[in-house]
Amino acid sequence: MISEDQFKEEIKLIIANAIREDVGDGDHSSLACIPDSATGKAKLLVKDEGIIAGVDFAELVFYFVDPSLKIDVLIKDGAPVSHGDIVFYVEGSSQSILKAERLVLNAMQRMSAIATKTNMFVNLLKGTGTKILDTRKTTPGIRALEKWAVKIGGGENHRFALYDMIMLKDNHIDFAGGITKAIDKTKNYLKETGRDLKIIVEARDLDEIKEILKSDGVYRILIDNFNYEDTRKAVELIGDTCLTESSGGINEKTIREYAECGVDYISSGALTHSVYNLDLSLKAV
């Protein structure tokens, strides 16, 4: 994953762009009927059940819009919430609160949905030693938020993007002329460019697992779209040579059995691409 400083910069960019997109040259609805000097207070109300996420992000948004706004947090990121809970109060300029409202709600509703789904998968994996990973199947422009939500839900982040880890998938392998050639070319590239990036290689069958194992320097093998029996065989073949990861349509009905095959990680795009927003509202008090 990227550094903490890089991650913070991504969040800053998301906030600045989202406010630019939503506010433009002014929130004319508020400017038209609310005096500049008016102050108010609002609460973040939960109208659903799940894991709350995005509280820290909301504070950053409010501060970006108006550093004088005061936020009183009652429920922190990662906590379970239910209908009627109040997560925080925000107080200060009424215009500023309304300017930040939609970004706060849009982000928190989606982040909470992702954290809730991730937490469900984490609970399904309890006792197995297998960890849940996200993927790059994220919403363009807000990847940092969605990966943040996975962490809040108890999952782990895969690579952040194309530049912070090497992942040799089927197309890379085919375009490169095979697994061994792809790995060798990758190691040469890293040496020539002075980059220190971990290498993950995808395998489509047990024969490809055997070929990957002939090369050293592989950090993790992606056991992609294998059935349970072949996954167990793959894990046995790999042993302690490198880490293992299962992927490919794994859901809440199958995740436990894949974990019991002995893989170190299970990756799921569904954590970020197939969620329903948690229902939240920001209400004046």
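In this predicted model, residue K131 stands opposite Y265, a residue of strand β11. Strand β6 and strand β11 (residues 265-267) run parallel and are joined by 3 bridges, and this pairing is one part of a wider sheet, which can be followed strand by strand.

**The parallel sheet**

That sheet is open and consists of 6 strands with parallel pairing, in the order β6-β11-β10-β9-β8-β7. Its edge strands are β6 (131-133) and β7 (166-168), each of which pairs on one side only. Going from one strand to the next, the twist averages 25°.

Helices pack against this sheet as well. Helix α7 (residues 179-193) lies across β7 and β8 (199-203), and it runs at about 165° to β7. Helix α9 (residues 228-238) touches β9 (220-224) and β10 (243-247), and its direction makes about 165° with that of β9.

**The antiparallel sheet**

Another open sheet is built from 4 strands with antiparallel pairing, in the order β3-β5-β1-β12. Because β3 (70-73) and β12 (280-284) each have a single partner strand, they stand at the edges, and one side of each is left without a neighbour in the sheet. Neighbouring strands here are turned against each other by 20° on average, when direction is ignored.

Within this sheet, strand β1 (residues 39-46) pairs with β12 in the antiparallel sense over 5 bridges, and V46 stands opposite L280, which belongs to β12. Helix α3 (residues 55-65) packs on the sheet by touching β3 and β5 (86-93), with a direction that makes about 5° with that of β5. Helix α4 (residues 94-124) lies across β1, β5 and β12, and it runs at about 155° to β5.

The table collects the helices described so far, each with the strands it meets and its angle to one of them.

| Helix | Strands met | Angle |
|---|---|---|
| α7 (residues 179-193) | β7, β8 | about 165° to β7 |
| α9 (residues 228-238) | β9, β10 | about 165° with β9 |
| α3 (residues 55-65) | β3, β5 | about 5° with β5 |
| α4 (residues 94-124) | β1, β5, β12 | about 155° to β5 |

**A pair of helices**

Two packed helices are described by the angle between their axes and the distance between the axes. For helix α1 (residues 4-23) and helix α5 (residues 143-152), the axes come within 9 Å and cross at roughly 125°. This crossing makes α1 oblique to α5. On the side of α1 the contact is made by F7, E10, I11 and I14, while α5 contributes A144, L145 and W148. Sorted by class, the residues in this contact are 6 nonpolar, no polar and 1 charged.

**The chain as a whole**

Taken together, the protein chain has 11 helices and 12 strands. Its C-alpha atoms fill a box of roughly 70 × 40 × 25 Å, taken along the principal axes. Of the 285 residues in the chain, 48% are buried. Among contacts between residues at least 6 apart in sequence, 70% join residues at least 24 apart.

An unreviewed UniProt entry places the feature "domain: Quinolinate phosphoribosyl transferase C-terminal" at residues 114-283. Over that stretch, residues 114-283, the chain is 41% helix and 16% strand, and the end C-alpha atoms are 23 Å apart.

Definitions and conventions: Residues numbered from 1 in each chain as written. Predicted model: local features only at pLDDT ≥ 70, side-chain atom pairs only at ≥ 80, totals over all residues. Heavy atoms only, no water. Axes fitted to C-alpha atoms, helices over the stretch in contact; angles between N-to-C directions. Helix = DSSP H or I, 4+ residues; strand = E, 2+ residues; numbered from the N terminus. Parallel < 35°, antiparallel > 145°, perpendicular 65-115°, else oblique. Contact = heavy atoms within 4.5 Å. Nonpolar A, V, L, I, M, F, W, Y, C, P; charged D, E, K, R; others polar. UniProt positions renumbered as here; feature names shortened; annotations may be inferred. Pairing = 2+ DSSP bridges. Buried < 20%, exposed > 50% of the residue type's maximum accessible area, 1.4 Å probe, protein only.
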